[in-house]
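Please look at the sequence and the structure together before reading on. The paragraphs below go through a few places one after another.

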Amino acid sequence: MLKIYNTLTRKKETLKPIKPKTVTMYSCGPTVYNFAHIGNMRTYIFMDILRRSLKFCGFKIRGVMNITDVGHLLSDADEGEDKMALAARRQQKTPQEIADFYTQVFFEDCKKLNIGSPEVVPKATEHIAEMIAYVEGLIKGGYAYETDDGIYFDIAAFSSYGALSRLDLEEQIAGARVEVNSQKRHPADFALWKKAEPNHIMQWDSPWGRGYPGWHIECSAMAKKYFGKVFDIHTGGVDHIPIHHENEIAQSEALEGCKTVQYWMHGEFMLVDGGKMSKSLGNTYTVKDLQERGYSPLSFRYFCLNAHYRKKLNFTFEGLSAAQTALFRLYVQLFKHKSSAAKTDADVLARYKDEFISAVTDDLNIPLCLGILWTMLKEPFSADIYKTALEFDTILGLNLAEVREAQDETAAPIPDEVITLARQRQAAREAKLWAESDRLREEIAQLGYAVEDGKDGYKLKARN
């Protein structure tokens, strides 16, 4: 049985899907107006670990992750300009060009981090009709009203508002940054649809004139389209709890008249050098930034796996260096098992598997899973241990099956880019494409590495 922590109830619960053995899961996706930073990516690593764990436990998954390409204002409340429109104006591109570029970069980063993609990845701009219908339903039900600048949800009409964050409504209002709008019935009423100024570059026809959706309505409308009234799991970062997810619950349950999400799961913040990650502080690193500093993306994934998803994780480059060294040593140790012809007693393997499964099913205790893997690798070298480690890696996602050869444990790990180029060169040599082979050798050399060919293959070494 898989136990997961439900933010709504503040306790671990045994997962019992609406449909046996099939889990419906909605994950808040990126707002594609800028590069995703490593704090964002930690949340998607958590999503990926959850998906892998569900599959490991025998569940089929129907997952949805939205792409927000309209409607997300500068704050999570109803303040400022649409992030997509602002980015388009600053970069002198169309919103579509902005969205396409950053969506592509996001999924490239996911691939580098070995994050799998959910089954459905809908774009907000492709679901405007569903959002309008959703807003119309809320108006008809007496939960929304019109003002000069948009359609707002009336939180006074939803008595359980605040159940997820467990904040007193008045406290939440005092702590929220909300624009002064004399036509709003309550300061915390939130926008479902915004009426656009004539020069606004993202707008659609609606019963209330030209405009665009609010951020919160997007997730509810798309979840309804792909899942119907009720689904199993909703994931996101803890920053979504007090506003975005609170508002999702209000509008969804108001429209449907029932509980729409069975389990709410949230990944904790990533800190940088013990403090908040912020563009103004210049510490919002991207996956590309890490690579340019010589770190493998999978080293960052390994770094994240060392902390439970519900615990804050403090990022430092010293910590990332330690994670990269540990991952490299893991590869070295694993190769030694792979190369052994010895066997391991079935009872020993079963014990490690039981411990690993127990950790996974206890609310995704991945740090403990890593510890179990390391302990197992200290057993006498055996190909059975190697095969068991690969089973564990279906959850960890560290590409352990890609281990090719053992190298000196004190050597610096070779960047993924160099390894990829070396493999491409080897394929070119096998195809007798000598010019391409020479070109790739030169590209590898420019990255600071040399290829030494031998009868048993090739070796990569850092150039002096």
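Between which two strands does the loop with Arg10 lie? The loop that holds Arg10 runs between β1 (3–6) and β2 (11–14). The model is a predicted one, and every value below was computed from it. Arg10 has a positive phi of about 60°, although it is not a glycine. Most residues other than glycine have a negative phi. As for its surroundings, Arg10 has a relative accessibility of 30%, so it counts as partly exposed, since buried would require a value under 20% and exposed a value over 50%.

Another positive phi is found at Asn399, about 55°, and this residue is not a glycine either. Asn399 is placed in the loop between α13 (383–396) and α14 (416–430). With a relative accessible area of 33%, Asn399 is partly exposed.

The next topic is the interior. The largest nonpolar core has 75 residues. Met41, Leu54, Ile233, Phe300 and Phe315 have the most contacts inside this core. Helix α1 (residues 38–56) supplies nine residues, the largest share of this core. A second core, separate from it, has 51 residues, among them Tyr26, Ala88, Ile132 and Leu164.

Ile233 can serve as an example of how distant parts of the sequence meet. What does Ile233 touch once its neighbours within four places in sequence are left aside? Its contacts then are Ile4, Leu15, Val23, Thr24, Met25, Tyr26, Leu50, Leu54, Val261, Tyr263 and Met265.

Now turn to the helices. Two packed helices are described by the angle between their axes and the distance between the axes. Helix α6 (residues 215–227) packs against helix α7 (residues 241–256) at an angle of about 50°, and their axes are 9 Å apart. The two helices, α6 and α7, are therefore oblique to each other. The crossing in which α6 passes α7 is right-handed. On the α6 side, the contact is made by Trp215, His216, Ile217, Cys219, Ser220 and Lys224. On the α7 side, Ile243, His244, Asn247, Glu248, Gln251, Ser252, Leu255 and Glu256 take part. Sorted by class, this contact has five nonpolar, six polar and three charged residues.

One residue of this contact, Lys224, can be followed further. Lys224 belongs to helix α6, and its relative accessibility is 34%, so it counts as partly exposed. Apart from neighbours within four places in sequence, Lys224 is in contact with Tyr134, Leu255 and Glu256. In sequence, Lys224 and Ser252 are 28 residues apart, while their C-alpha atoms are 8.6 Å apart in space.

A pair with a similar kind of description is Leu167 and Pro198. These two are 31 residues apart in sequence and 38 Å apart in space, C-alpha to C-alpha. Leu167 sits in the loop between β6 (150–153) and α5 (169–175). Its relative accessible area is 38%, so Leu167 is partly exposed.

Helix α10 (residues 317–338) takes part in two further packings. How do α9 and α10 lie with respect to each other, parallel or perpendicular? The axes of helix α9 (residues 297–305) and α10 come within 8 Å and cross at roughly 100°. Therefore α9 and α10 are roughly perpendicular to each other. From α9, the residues Leu298, Ser299, Phe300, Tyr302 and Phe303 meet Gly319, Leu320, Ala323, Gln324, Ala326, Leu327, Leu330 and Tyr331 of α10. By class, the contact of α9 with α10 has 10 nonpolar and three polar residues, and no charged residues. Phe300 has also appeared above, among the residues with the most contacts inside the largest nonpolar core.

The other packing is that of α10 with helix α12 (residues 366–377), where the axes come within 10 Å and cross at roughly 40°. This angle makes α10 oblique to α12. Here α10 passes α12 in a left-handed crossing. In α10, Ala326, Arg329, Leu330, Gln333, Leu334 and His337 meet Leu373, Trp374, Met376 and Leu377 in α12. This contact has seven nonpolar, two polar and one charged residues.

The last stop is Thr325, which lies in helix α10. At 32% relative accessibility, Thr325 counts as partly exposed. Thr325 and Ala144 are separated by 181 residues in sequence and by 55 Å in space, C-alpha to C-alpha.

Definitions and conventions: Residues are numbered from 1 along each chain as its sequence is written. This is a predicted model: local features need pLDDT of at least 70, side-chain atom pairs count only at pLDDT 80 or more; totals for chains, interfaces and linings use all residues. Side-chain values use heavy atoms; hydrogens and water are left out. A nonpolar core is a set of buried Ala, Val, Leu, Ile, Met, Phe, Trp, Tyr and Cys residues joined through side-chain atoms within 4.5 Å. Buried means under 20% relative accessible area, exposed over 50%, partly exposed in between (1.4 Å probe, protein chains only). Helices (H or I, at least four residues) and strands (E, at least two) are DSSP runs, numbered from the N terminus. Contact means heavy atoms within 4.5 Å. Axes are lines fitted to C-alpha atoms, for helices over the stretch in contact, and angles run from 0 to 180 degrees between N-to-C directions. Angles under 35 degrees count as roughly parallel, over 145 as roughly antiparallel, 65 to 115 as roughly perpendicular and the rest as oblique. A crossing is left-handed if the near helix is turned anticlockwise from the far one by less than a right angle, and right-handed if clockwise. Ala, Val, Leu, Ile, Met, Phe, Trp, Tyr, Cys and Pro count as nonpolar, Asp, Glu, Lys and Arg as charged, and the others, Gly among them, as polar.
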